[in-house]
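Biologist: I'm new to reading protein models and I keep tripping over the vocabulary. Could you put one up and let me ask where the words come from?

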Amino acid sequence: MKDVFELNTQTQKKFICNRETGRWVLANQLDSEILEKISVSIDKGPFTDTSLIVLNIGRQCNFDCAYCYLGNLKREGKQMPIEIGRKIIDQVSELKQDKKQVVFHGSEPLLNFSLIKDLVDYSKKNYQNINFCLQTNGSLLDEEKLEFLSQEGITAGISLDGLKLHQDQNRPYIGGISSYSDVSTNLSQLKQYQKGVSIITVITRENVGDLEKIVADFKEKGIDSVLFSLVGSKDKSVYPDLEMLSKKMKLVLDNYIDSVYIGRPTIKIRNLRDMLRTFLKNRTTTNCVQCGGTQSHPLMAVDIDGSIYPCDFFCGIEEYKIGNIFSDSLEESFNSKKNFRVYRNIETIEECSECDWKRFCGGGCAGISVLEGRGITSKSYYCDYFKKIFSYVAGIIPVLHEKRLIKTILS
């Protein structure tokens with residue numbers, strides 16, 4: 001019983017959970033049957049596959065973002081050679097998953113547009129089961145690129161940090177020149193070529209107080225969805241105040257839920273979808289549960305030289321490299337002894353072992369902890385925020401269930 005905690009919700013049912021297994025139920029009271037059900041341990045095992053490969057295709061960028069995790073690496077000007085890109089595509093084709101997804105990423109992937117075109121063409125000629133997408137700062141989306149992306153069915157996600165004052169503070173061009181107008185104009189163009197536009201907005205101290213205004217502005221722009229991403233950086237001055245973060249995120253989610261319930265036009269807040277998945281999926285591993293938490297490795301990242309990393313946060317950090325495509329396959333790298341997802345243990349993370357939410361939080365993002373210089377065995381800077389936001393989501397799950405909103409939000 002000491003491992004079980006109960007949380008009051010907005011209905012008569014309680015959220016009853018075993019903190020050691022992460023298994024939970026909604027019930028009026030705890031009984032022996034429920035206790036047995038939520039005490040089933042996590043069946044840990046090796047990773048079996050992955051479906052998402054992130055390609056860092058260049059270390060060049062025309063932006064000077066305040067929190068860029070690549071730091072000075074983006075000034076190297078290096079690009080991924082064609083032979084390395086094609087070798088990666090060959091290996092992606094061998095993955096077990098039927099649906100294979102390659103994300104063109106890096107500093108700014110469209111600065112290596114010639115490689116993007118080559119790899120898409122190479123894949124079409126040799127393989128039929130690889131899908132491509134792109135994450136871009138949005139400043140280089142001219143007519144040629146938009147037509148190519150549309151023709152090839154490549155979805156582009158845009159990084160935009162909110163209103164003009166936020167974008168120009170966090171994501172200016174090199175030299176501090178405003179980028180907002182160019183990105184906004186290209187967003188409007190993208191809507192004409194692509195069905196549905198999704199934004200990633202990094203939350204920093206500059207925009208955390210304006211999350212509601214940002215959502216309203218994106219709605220007016222015709223954006224379909226937004227993911228508010230927590231900043232990770234060596235520079236602690238860019239981090240948001242956690243009290244403000246918790247308050248504003250709850251308000252954003254409350255407004256979103258109300259809009260969905262009454263059928264009012266709104267944009268999707270992908271954070272709620274992702275948090276619900278964390279609660280609802282059948283977790284079979286305890287590492288990086290917010291990204292994955294199942295036997296499917298959540299993603300792999302491949303750097304410009306073919307080096308393989310557990311995720312793109314670690315590109316260029318030799319300590320966390322788990323292979324190279326010329327000597328190791330992607331599948332071999334899943335369970336490499338060098339892969340922190342294999343050996344990282346929530347029980348060894350400072351102040352996490354007794355936390356009610358450890359199986360939902362997983363100690364936070366290991367990549368952010370490494371960027372901060374604290375290592376993967378330190379608790380997250382966002383610890384207090386996670387405790388509040390997971391309590392919030394657990395408390396509203398029965399309401400979402402009663403209003404039959406869960407399926408809509410997860411879609």
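Modeller: Sure. One definition to start: two strands count as paired if DSSP finds at least two bridges between them. Also, keep in mind that this model is predicted.

Biologist: What makes the 10 strands a sheet, and in which order do they come?

Modeller: They link up through pairing in the order E10-E9-E8-E7-E6-E5-E4-E11-E12-E13. The sheet is open, and its pairing is mixed.

Biologist: Why are strand E10 and strand E13 said to stand at the edges?

Modeller: Count partners. E10 (268–269) and E13 (323–324) each have a single partner strand, so one side of each is left without a neighbour in the sheet.

Biologist: How do you know that strand E9 and E10 really pair?

Modeller: Pairing needs at least two bridges. E9 (residues 225–230) and E10 are joined by 2 bridges, so they pass, and they run parallel. Val226 stands opposite Ile269 in E10.

Biologist: And what links strand E8 to E9?

Modeller: There, 6 bridges join E8 (residues 198–203) to E9, again in the parallel sense. Val202 has Ser229 in E9 as its bridge partner.

Biologist: Which strands pair with strand E4?

Modeller: E5 and E11. With E5 (residues 100–105), E4 shares 5 bridges and runs parallel; Val54 stands opposite Val103 there. With E11 (residues 300–302), E4 has 3 bridges, also parallel, and Ile53 is partnered by Met300.

Biologist: Why is E4 called largely enclosed?

Modeller: A residue is buried when its relative accessible area is under 20%. In E4 (residues 52–56), 4 of the 5 residues are buried, so the rest of the structure largely encloses the strand. E9 earns the description too, because 5 of its 6 residues are buried.

Biologist: What makes helix H9 largely enclosed?

Modeller: In H9 (residues 270–280), 8 of the 11 residues are buried, so the rest of the structure largely encloses this helix. Among the buried ones are Leu272, Met275, Leu276 and Phe279, and also Arg270 and Arg273.

Biologist: What makes strand E2 and strand E3 antiparallel partners, and which residue faces Phe15?

Modeller: E2 (residues 14–18) and E3 (residues 24–27) are joined by 4 bridges and run antiparallel. Phe15 has Leu26 as its bridge partner. The hairpin has 5 residues between the strands, and Gly22 takes a positive phi near 75 degrees.

Biologist: What is notable about the phi of Arg404?

Modeller: Phi of Arg404 is near 60 degrees, a positive value in a residue other than glycine. Arg404 sits in the loop between helix H14 (383–402) and helix H15 (406–410).

Biologist: Is Arg404 buried or exposed?

Modeller: The cut-off for exposed is over 50%. Arg404 has a relative accessible area of 74%, so it is exposed. Lys37 of helix H1 (residues 32–38) is exposed as well, because its value is 56%.

Biologist: What does Lys37 touch, then?

Modeller: Leaving out residues up to four places away in sequence, Lys37 touches Arg23 and Val25.

Biologist: Why is Val342 called partly exposed?

Modeller: Partly exposed covers what falls between buried, under 20%, and exposed, over 50%. Val342 has a relative accessible area of 40%, so it belongs in between. Val342 is in helix H11 (residues 340–343), and its contacts beyond four places in sequence include Phe47, Asn287 and Phe334.

Biologist: Zooming out, how do you know that the protein is as compact as a globular protein of its length?

Modeller: First the inventory: the protein has 15 helices and 13 strands. Its radius of gyration is 21 Å, close to the 22 Å that the globule rule gives for 411 residues, so it is as compact as a globular protein of that length. The C-alpha atoms fill a box of roughly 60 × 50 × 40 Å along the principal axes.

Biologist: How many of the residues count as buried overall?

Modeller: Of the 411 residues, 56% do.

Biologist: And how many positive and negative side chains are there?

Modeller: There are 54 positive and 53 negative ones, and the centres of the two sets lie 3 Å apart.

Notes. Residues numbered from 1 in each chain as written. Predicted model: local features only at pLDDT ≥ 70, side-chain atom pairs only at ≥ 80, totals over all residues. Heavy atoms only, no water. Rg over C-alpha atoms; globule rule 2.2 N^0.38 Å. Buried < 20%, exposed > 50% of the residue type's maximum accessible area, 1.4 Å probe, protein only. Lys, Arg positive; Asp, Glu negative; His and termini not counted. Charge placed at Lys NZ, Arg CZ, Asp CG, Glu CD. Contact = heavy atoms within 4.5 Å.
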